[in-house]
Amino acid sequence: MARLLLIEDDLTIRTPLLRALRERGHAVAAASTALDGLRDALDDRPDLVVLDLGLPDLDGGELLRMLRAVSSVPVIVATARDDEAEIVRMLDAGADDYLVKPFTAAQLDARARAVLRRSAGDPATDPVLVVGGLRIDPRARQVTLDGAQVELTPREFDLLHHLAGRPGQVVTKRELLTEVWRIPYGGADKTVDVHLSWLRRKLGESAQDPRYLHTVRGVGVRLDAPGSAR
């Protein structure tokens, strides 16, 4: 039984969702304000938070940033805001998934189970990855380069981890958007380019002088150890 925290101020949405999610076997608590939600998330330590953005006391995006500063609890943003830039902004801020209203309880339940499966991980199938001097530890979410720790944002880590799991393979931007950003459509290629640029800078390289991250024009990006034959 998963323990969910629903942060939603609209009673006409909150009440049926609570009932439906409980009928699907979840233990669900609810909060109607951002500050109550933050307190409940820290005190009760739920397995997953479902977060509305239009809260009466504080924007849900700000609450997400506050949560991410102190907790790694998985978060699904569930809101009426369907602007692509807003979706990307929330995913970059640390949301694990984004669901646009109106949606059914069955859809939310399926998304929640998928996020919980991903966050649970499996040590047997989620090993430390080593590519050249890069060492990526998915359990600790730590990266070192030639023995020195590299400080990455959550999205930068997810991007590098995805590429490191496919060394030598060209990964398309569409795949990265789907698997890293959880956006199942195109149109947001620039966010991939921006994060690759930030990641290159932290790895001490550039697109013009790559060591690990090699752009394949018109196709995608490939992660290789320096000196790998191509």
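In what order do the five strands of the open sheet with parallel pairing stand? The order is β2-β1-β3-β4-β5. Strands here are DSSP runs of E with at least two residues, helices are runs of H or I with at least four, and both are numbered from the N terminus. Two strands pair if DSSP finds at least two bridges between them.

The model is predicted: local features need pLDDT of at least 70, side-chain atom pairs count only at pLDDT 80 or more, and totals for chains, interfaces and linings use all residues. Residues are numbered from 1 along each chain as its sequence is written, and side-chain values use heavy atoms, with hydrogens and water left out.

Back to the parallel sheet. β2 (27–31) and β5 (97–100) stand at its edges, each with a single partner strand, so one side of each has no neighbour in the sheet. From one strand to the next, the twist averages 20 degrees. Angles run from 0 to 180 degrees between N-to-C directions, and axes are lines fitted to C-alpha atoms, for helices over the stretch in contact.

At the β5 edge, β4 (residues 75–79) pairs with β5 in the parallel sense over four bridges. Ala-78 has Leu-99 of β5 as its bridge partner. Helix α4 (residues 84–92) packs on the sheet and touches β4 and β5. Contact means heavy atoms within 4.5 Å. The direction of α4 makes about 150 degrees with that of β5. Another helix, α2 (residues 34–44), lies across β1, β2 and β3 (48–51). α2 runs at about 165 degrees to β1.

Ala-78 also appears in the lining of the largest cavity. A search of the whole structure finds one cavity of 30 Å³ or more. A cavity is a set of points, on a 1 Å grid over the protein atoms alone, where a 1.4 Å probe fits but cannot get out; lining residues have an atom within 4 Å of a point. Grid points are joined across faces, edges and corners, and a volume is the space filled by probe spheres set on the points. The largest cavity holds about 40 Å³ of space. Its lining includes Leu-6, Ile-7, Ile-13, Leu-17 and Phe-103. β1 (3–7) and α1 (11–23) are the elements that give two or more residues to this lining. By class, the lining has seven nonpolar, no polar and three charged residues. Nonpolar covers Ala, Val, Leu, Ile, Met, Phe, Trp, Tyr, Cys and Pro; charged covers Asp, Glu, Lys and Arg; the others, Gly among them, count as polar.

Now the salt bridges. The structure holds 20 of them, each a side-chain nitrogen of Lys or Arg within 4 Å of a carboxyl oxygen of Asp or Glu. One joins Asp-96 to Arg-68, with the closest N and O atoms 3.2 Å apart. Asp-96 lies in the loop between α4 and β5 and Arg-68 in helix α3 (residues 60–70), so the pair ties together parts that are 28 residues apart in sequence.

Further along the chain, an open sheet of three strands has antiparallel pairing and the order β10-β12-β11. β10 and β11 are the edge strands, each pairing on one side only. Direction ignored, neighbouring strands of this sheet are turned by 35 degrees against each other on average. Helix α6 (residues 154–164) packs on the sheet and touches β10, β11 and β12. The α6 direction makes about 70 degrees with that of β12.

Three bridges join β10 (residues 170–172) to β12 (residues 220–223). Four join β11 (residues 213–216) to β12. Arg-222 of β12 is the bridge partner of Val-170 and of His-214. β11 and β12 form a hairpin with three residues between them. In the turn, Gly-218 has a positive phi of about 80 degrees.

Methods:
1 Å grid on protein atoms, 1.4 Å probe; cavity = no way out; pocket = protein on both sides within 12 Å on 5 of 7 lines; lining within 4 Å.
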